[in-house]
Every structure is written in structure tokens, then in C-alpha cells.
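Please walk through this model from one end of the chain to the other, keeping the structure open beside the text.

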Amino acid sequence: SRQAVAKHLALLAAAGLVVGERCGREVRYDADPAPLHAAMDWMSSTSAAWERRLSRLAALVERRARRR
């Protein structure tokens with residue numbers, strides 16, 4: 001519904017992810033991807049750390065499987 005969309009856009013605006021500009025009765029929104037860069041950087045570093053941990057776990061499991 002229009003009201004649900006307006007609520008979601010208000011939340012995105014409050015989070016700084018969209019910027020609204022009033023044009024008469026309407027508000028036109030543009031996405032602002034800049035705030036997502038910090039989140040993307042964090043996810044990338046976290047992903048790399050998990051990849052290292054899971055690789056070590058896989059190596060451990062393989063070594064133990066060979067012993068049997």
C-alpha cells in the first residue's frame with residue numbers, strides 16, 4: 001500500500017540510505033549508497049576471517065578422517 005511504502009521510505013531516510021526532495025505534493029527519493037560502504041567493508045573483512053577459520057576447520061577434519 002502507499003502508506004506502507006511511505007513508512008519504509010521514512011525509515012530508509014532516517015537511516016541515511018535515501019534522500020527525499022519535495023516536488024509539490026510529492027517527495028522524490030534517491031538512493032544514497034555511501035552509508036553502505038562501511039557495512040560492505042565490514043562484511044568483507046568478516047567474510048575473509050570466516051573463510052580462514054572454515055579452511056582451518058576443513059583441514060582439521062580431513063586430517064582426522066585420514067587417521068581412521
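A good place to start is L57, which lies in helix 2. The model is a predicted one, and in it L57 has a relative accessible area of 46%, so it counts as partly exposed. L57 belongs to a nonpolar patch on the surface that also takes in W50, L54, L60 and V61, and these residues together have about 470 Å² of accessible area. Membership of such a patch requires over 30% relative accessible area and no salt bridge, and the 46% of L57 is in keeping with the accessibility part of that requirement because it lies over the 30% cut-off.

With that patch located, the reader may turn back to the beginning of the chain, where helix 1 covers residues 2-14. Helix 1 has 13 residues and spans 18 Å from its first C-alpha to its last, which is close to the 18 Å expected at 1.5 Å a residue. After helix 1 comes G16, a residue whose phi is positive, near 80°. L17 is placed in the loop between helix 1 and strand 1, the strand being formed by residues 18-23. With a relative accessibility of 25%, L17 counts as partly exposed, because that category lies between the 20% limit for buried residues and the 50% limit for exposed ones. L17 can also be set against a position much further along the chain: A59 is 42 residues away in sequence, and the C-alpha atoms of L17 and A59 are separated by 41 Å.

The next element to consider is strand 2, made of residues 26-31. E26 forms a salt bridge with R28, in which the closest N and O atoms are 3.5 Å apart, and E26 itself counts as partly exposed, at 43% relative accessibility. A31 is also found in strand 2, and its relative accessibility of 67% means that A31 counts as exposed. Between A31 and G20, which are 11 residues apart along the chain, the C-alpha separation is 8.9 Å.

The path then leads into helix 2, which runs over residues 34-67. For a sense of distance here, W42 and E62 are 20 residues apart in sequence, and their C-alpha atoms are 30 Å apart in space. E62 has its place in helix 2, and its side chain meets that of R66 in a salt bridge, with 3.8 Å from N to O. The structure holds 2 salt bridges. Why might E62 and R66 be described as about one helical turn apart? They are separated by about one helical turn because they lie 4 residues apart in helix 2. As for the surroundings of this pair, E62 is partly exposed, with a relative accessible area of 45%, whereas R66 counts as exposed, at 62% relative accessibility.

What kind of charge gathers on the surface where R63, R64, R67 and R68 are found? These four residues form a patch of positive charge. One of them, R64, is found in helix 2 and is exposed, with a relative accessible area of 51%, a value that passes the cut-off because exposed means over 50%. Helix 2 can therefore be read through several of its residues, including L57, E62 and R64, with L57 in the nonpolar patch, E62 in a salt bridge and R64 in the positive patch, following the definition of helices as DSSP runs.

Note on methods. Residues are numbered from 1 along each chain as its sequence is written. This is a predicted model: local features need pLDDT of at least 70, side-chain atom pairs count only at pLDDT 80 or more; totals for chains, interfaces and linings use all residues. Side-chain values use heavy atoms; hydrogens and water are left out. Patches are made of residues with over 30% relative accessible area and no salt bridge: like charges are joined within 9 Å, nonpolar side chains (Val, Leu, Ile, Met, Phe, Trp, Tyr) within 5 Å. Accessible areas come from the Shrake-Rupley method with a 1.4 Å probe; for residues, only the protein chains shown count as cover. Lys and Arg count as positive and Asp and Glu as negative; His and the chain ends are not counted. The place of a charge is taken as NZ of Lys, CZ of Arg, CG of Asp or CD of Glu. Helices (H or I, at least four residues) and strands (E, at least two) are DSSP runs, numbered from the N terminus. Buried means under 20% relative accessible area, exposed over 50%, partly exposed in between (1.4 Å probe, protein chains only). The expected span of a helix is 1.5 Å times one less than its number of residues.
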